[in-house]
Amino acid sequence: MKNSLGALLALGFAGLQFLTVLLVVFSSYLTSERALIGHARDLLHDVGTNTIEHSKGFLSPAHGAAVLAARLAQNDVVASDDPEQLEKLLFQQLQLVPQFSGIFFGTDDGEFVYVMRSHPVGRFRSKIITYAGGKRTTELIWRNDKFEILDRKFDPTDTYDPRERPWFKSARETNGTIWTDPYIFFTSQQPGLTLASPVESGGQGRKGVMGVDIEISSISDFLSRLKVGHTGKALIINKNGDVIAHPDQGLIKIENDDGSLRFVTIGEIDDPIARTAFSPLFKRDGEAPVVPETTSQFVFDGATYVSVVMPVVSDILPWTIAVYAPQDDFTEVIKHNRATNIWIAALVAVVTGAIGLILANYIHRPVRAFAVRSALISQGELDPSEPPPNTYKELENANDALVQEIVARKKAEREYGQTFELSSRAMAQVASDTGQIIRVNERFCDITGYQPDEITRMQFSDLADPADPRFPSSTEFLADNDLPLNSEMRCICKDGTAIWVKVNAITIRNQNGKPLHAVVTMDDVTRAKAKEQQILQLNRDLSHLARGKTMGQMASGLAHELNQPLAAIAQNVDAALLTVGQGPETDPELREILVEIEEQSIRAGDIIRALRGFIAKDEGNRTTFDFGELLEQTRRLVQADANEAGAVIQTRLSDLPRVEGNRVQIAQVILNLLRNSIEAMAGQPEGQKKVLVFSHLKDGQVCICVEDTGPGIDPSIKLFSEFETTKPDGMGLGLSICRSIIEANGGELWHDESCKSGARFCFTLPPHTDTPAAGSPAPGTT
Amino acid sequence: MTKDNTDSETAGDTAVMADTDLPVFVVDDDRDVRTSLPRALRKRGFTVEVFDSARSFMESCDNERPGCLVLDYRMPGMSGLELQKHMNDLGYSIPIIFISGHGGVPESVQAIKGGAVDFLEKPFRPAVLAERINAACKLLVVELEARAECAQLRAKFDRLTQRESEIVARMVENPAEISSKEIGRFLGISPRTIDHHRARILEKLEIKSAAELIDLAGKLERICS
């Protein structure tokens with residue numbers, strides 16, 4: 001099965017396109033989900049990284065400043081034993097580093113200078129604990145940003161001892177800079193952490209610990225400013241599980257039983273999503289989960305969330321950044337977008353599919369028109385020479401080639417068909433295997449008498465005459481045979497008459513040599529066969545005549561000529577007798593002799609008359625016949641002689657009535673005249689030897705003339721006389737015999753002297769009449 | 001007439017001589033026959049004229065010169081039969097005796113049909129021919145005499161005027177009513193005038209009575225028909 005170009009084009013343009021759109025949509029549907037989640041995680045990761053960086057950026061200057069302050073104190077830059085100088089130094093430091101909420105220095109002696117930011121902004125408060133003379137004094141000084149004292153008072157109730165504080169102890173123990181865990185500052189109630197660095201007094205300075213309070217609520221502020229999706233959050237969890245930064249700062253502080261504040265742990269926080277997401281990571285209390293960056297997905301309250309946990313920032317800041325956000329925050333728009341995309345894709349698929357179909361149709365239309373045209377041509381409803389529809393060049397070329405082929409083929413078919421139909425010979429197509437007659441032409445029907453529809457139901461062997469002695473072999477040509485066959489067979493017509501036909505059969509084969517059918521050509525040779533038979537008979541009769549009757553004919557012919565001298569003899573004898581009788585002396589013997597001569601001449605006449613009976617008897621053989629037919633048959637007998645002599649015999653017969661006579665005798669006359677003419681022209685140049693036989697009606701008689709282009713008859717020759725001849729080997733009897741034959745048949749034969757170009761001999765024959773011939777009345781009529 | 005010329009009665013009678021002085025015309029293409037036949041006939045006393053073809057005879061023949069024609073049946077060019085037909089066409093009444101070396105029943109029948117008095121096959125006994133010529137001439141003489149009488153009568157009758165011819169015709173037609181009164185009534189003329197005409201008629205016809213007139217008219221009818 002061949003593919004239709006139209007279907008292929010439709011499939012190619014519309015189907016493939018539709019499929020492609022579908023594939024793209026589905027793959028994007030599948031991959032976008034994953035990409036979105038990846039994207040969300042990346043976003044969360046960025047948030048975490050940002051937060052880490054922000055925290056570091058927030059804390060590291062503080063760290064640097066704290067270390068610097070400690071160095072200053074250590075290097076006697078600050079007269080640390082002078083509380084006022086120290087306060088001023090700390091004040092300057094505090095103003096420099098905005099991250100600091102407070103800066104302080106505690107000595108091993110328990111003295112303490114603390115400068116901190118106070119409310120409102122730009123106000124500072126200092127707390128100075130001194131042991132002057134063993135007496136503990138705690139003074140509180142409020143200053144503005146110009147270090148001018150706004151207020152001061154003493155606080156005798158104060159019991160604060162720096163040496164008791166954890167930061168002091170840690171710094172002293174580690175003898176290096178330490179960071180405390182974040183905690184809620186007592187005074188400001190803000191989350192923060194303390195950085196402490198021991199100060200080793202070199203000279204006049206005192207040993208102690210320099211500390212800086214850094215509020216980290218700004219980290220929470222930062223977190224609250226971070227946009228993680230729509231509703232996502234980032235939080236910082238300390239290694240012990242405390243939530244130290246949260247966008248909602250209120251959530252991270254919780255009151256202890258004693259009224260002090262502490263950080264809420266991840267397990268306690270009033271953020272159920274964060275709690276669900278991250279609390280499992282901090283089950284072991286106090287131990288930071290050393291985790292690589294972990295992304296996860298979880299479901300809370302029916303919604304899907306993604307979360308990222310960043311590893312601990314550093315050893316000194318053992319914090320974990322946890323970020324979560326609902327997946328929908330990232331995917332909802334894209335999902336929506338994707339749905340829209342699917343619709344658009346579907347629409348595009350439909351539209352482009354339609355365009356594809358239209359395009360396919362447009363491309364296919366000329367091909368289709370071509371196909372329709374091909375179908376019409378193949379059904380014979382369209383002439384291939386009709387101009388083809390406007391189509392592609394390639395198709396047009398193919399069409400041209402095919403049209404040429406078709407035209408040539410149709411021409412051949414038409415010619416064959418016409419040859420077949422119009423042939424003057426009977427033709428038939430016969431199936432080689434079954435002998436079934438497939439098709440016949442008109443002539444075939446004429447010959448056999450059957451109608452075409454009758455004959456195509458027959459087998460060829462049905463036509464053969466079973467009585468034909470060659471019957472079994474007469475249809476042998478139907479056998480698979482390469483050789484054309486020629487044979488004669490007898491055939492039975494529809495009306496039962498038997499005819500002779502000459503059959504020629506050839507087997508038509510296809511390219512593979514398989515026989516398709518036999519083409520049988522048939523001629524009705526019944527008449528020709530009959531004529532042939534007649535000619536044979538005539539020839540037989542003539543030769544019989546020549547053999548058996550020539551003497552009789554000759555005698556008969558001679559008789560006519562002899563009668564003349566016999567008549568003369570009779571007359572002369574008579575004259576002699578009379579002369580003798582008139583003479584004075586009569587010898588009786590002479591008279592007797594003369595009388596005998598007279599009697600003998602009369603007797604000779606009687607004998608001759610009896611001889612004529614040979615011909616007279618033949619009158620019984622008189623028949624009515626067509627002279628033209630007899631002439632034609634006779635002509636054939638001398639044709640060989642004529643060919644040999646290079647002479648042409650032409651006949652020009654008018655429409656003659658049938659004539660009456662002895663057919664064989666008349667044939668002999670014609671034969672004789674024709675032979676005479678041919679022989680007489682022997683001396684003529686080639687191409688000028690022509691014998692013309694023509695006819696006309698003369699006084700009711702049929703007159704036939706034989707004319708040649710020979711030298712003519714010498715006037716000195718006495719024609720129709722015995723022994724007068726122009727032929728070296730002739731006896732001069734031919735014409736004489738011919739004349740007697742023609743006369744015996746009721747006609748005349750003469751030499752027409754009016755013909756100057758050659759010799760012309762004419763003879764007449766009585767036409768056939770219904771009444772008995774005029775020349776044969778009952779004998780004895782007087 | 002007969003075609004049997006082996007007649008035993010005349011076979012030995014060679015003494016048949018011409019009993020007519022009418023000429024015999026011999027037409028034959030055979031030279032020997034032309035020589036011998038006229039000679040034999042002349043010996044018997046016939047006047048003979050010889051022609052070698054039908055055409056040459058035709059050229060010299062004349063109806064005013066009666067004679068007997070001995071004609072060869074078969075000749076080149078114009079045959080005897082054709083000459084006979086030609087003479088008949090011209091209205092010449094000349095007795096013809098055909099002689100033929102090719103004789104046969106069909107030929108003789110044709111010749112006789114054409115009015116020939118006889119048909120002899122060559123060779124024939126000269127005496128027979130002479131006899132036949134005499135017979136033919138006898139008939140011819142009778143005919144010639146009749147013809148002459150007819151001509152004479154006709155000449156007499158031709159002298160009559162038209163009116164006179166009418167009167168004669170009426171008298172011959174109705175011999176019972178030949179009185180002048182009856183004829184006058186018939187023709188619407190007075191009997192006196194009829195009488196006058198009748199006298200003129202008898203005078204012109206050189207007769208004396210009405211009976212003779214009717215007789216004469218009957219004779220004319222008989223001879224000239």
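Biologist: What makes you say that helix H16 of chain A lies across S23, S25, S26 and S28 of chain A?

Modeller: H16 (residues 663-680) touches those strands, and contact here needs C-beta atoms, placed from the backbone, within 7 Å. H16 runs at about 25° to S26(A), taken between N-to-C directions on a 0 to 180 degrees scale, with lines fitted to C-alpha atoms (for helices, over the stretch in contact). Bear in mind that this is a predicted model, where local features need pLDDT of at least 70, side-chain atom pairs count only at 80 or more, and totals for chains, interfaces and linings use all residues. Residues are numbered from 1 along each chain as its sequence is written, while chains are lettered from A and ligands numbered from 1 in the order written.

Biologist: Why are S25 and S26 of chain A called a pair?

Modeller: Pairing takes at least two DSSP bridges. S25 (690-698) and S26 (701-708) have eight, in the antiparallel sense, so they qualify. One bridge joins A:Lys698 to A:Gln701.

Biologist: What makes S23 and S27 of chain A edge strands?

Modeller: The open, mixed sheet goes S23-S25-S26-S28-S27. S23 (648-652) and S27 (749-751) each have a single partner strand, so one side of each lacks a neighbour in the sheet. From one strand to the next, the twist averages 20°.

Biologist: Which element gives the most to the side of chain A that touches chain B?

Modeller: That's H12(A), with 16 residues. H12 spans 526-582, so it easily passes as a helix, a DSSP run (H or I) of at least four residues, while strands (E) need at least two. The whole contact takes 31 residues from chain A and 25 from chain B.

Technical notes: Contact = placed C-beta atoms within 7 Å.
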